[in-house]
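Reader: Please show me the model, and then let me ask how its labels were reached.

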Amino acid sequence: TRSIWIISLIDSILNLIEGNSQYKNLFHDVQSNKNKNNGNGVAEGDDEQQQQQQQHPEMKDDDHDDDDSDAMDEDKGEEENDSIDSTPPSKGADVVPNEVWNFLHRSFEFLIDLLSSFETRLHLVPYLNSIHFALRCHRAIFSSSSIYHQEQSQNIRLIVQLVQRVSKLLVFPIRDITKTSLSKRDVISQYHGRASIVQKLCHRHYSNQVPDIIYAGVGLLCNNTNDTGSSSYISRAFGGLSTPQILDLVHRLRLLNKDEYETSENHDNDENTTKKKELDRDFFLDIIMDYVTI
């Protein structure tokens, strides 16, 4: 029962971070209810004002000027209060209610506590890695279209710090089964072994398309420094593969299930009505880079 609850909690975190449609509606619903509760009769006053304007249209312009001056005064007071807590979101950005931020903060702190214990991280780390939890959180937070990216406040800075801490705990150099620490040589050997597996699969299935991957040194593939640009090198080296082929490679690495995605192979043969995920080339490349880079 506890494991099911934790999995449900993780799914809720990802749905909120990635901004699925149902949770975007939740943002608006919570915010609208919050505004109604904090309105103190403002909404009723607006309704009465609209009725008066309909009955006396000649009063519309004069009342509009007075309302503008009152609104400017109210905006000043609101700006002074908001500046204490956080910088207001950009124009047109979705407003994330405080209830959502509190839930995310407490949930990440709870995951950090679970990952900090030997007894719980033994079962939690494989699941979080299987769904690419840290990678998906990073992509969602730093996405230019993300509603969290638009709100430059203390809340988003705290979320970034919590996600980075979860990421470090997921790759913490320790054998969870034996509870023994890994040396630097052990960690490097582990990632070099992963890079060799990628090269062998590319040589077996896509030898003509990606020769730069096959004959590259494992140190170049595993290097995550800004000087050599490991991420850009992998992106360029895999330029000869199409998006379905990259998905097939990720599937052969046992990092994703390609049956969950919409491809030409399962589009005609799939009899189920389950909605397929859209292909995302950048996401597939990020998975490979996260798998091989140190």
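Author: Start with one pair: Arg139 forms a salt bridge with Asp280, with the closest N and O atoms 3.0 Å apart. The two sit in distant parts of the chain, 141 residues apart, Arg139 in helix H7 and Asp280 in the loop between helix H15 (264–269) and helix H16 (281–292). Helices (H or I, at least four residues) are DSSP runs, numbered from the N terminus. This is a predicted model, in which local features need pLDDT of at least 70 and side-chain atom pairs count only at pLDDT 80 or more, while totals for chains, interfaces and linings use all residues. Residues are numbered from 1 along each chain as its sequence is written, and side-chain values use heavy atoms, without hydrogens and water.

Reader: What makes the contact of Arg139 with Asp280 a salt bridge?

Author: The term requires a side-chain nitrogen of Lys or Arg within 4 Å of a carboxyl oxygen of Asp or Glu. Arg139 and Asp280 have their closest N and O atoms 3.0 Å apart, so the pair qualifies.

Reader: Why is Arg139 called partly exposed?

Author: Buried means under 20% relative accessible area, exposed over 50%, and partly exposed in between (1.4 Å probe, protein chains only). Arg139 has 28%, so it is partly exposed. Asp280, at 29%, counts as partly exposed too.

Reader: Which residues are linked with Arg139 in a network of salt bridges?

Author: Asp280 and Asp286 are linked with Arg139 in that network.

Reader: How many salt bridges does the structure hold?

Author: The structure holds 10. Among them is the one between the side chains of Glu18 and Arg136 (2.8 Å, N to O).
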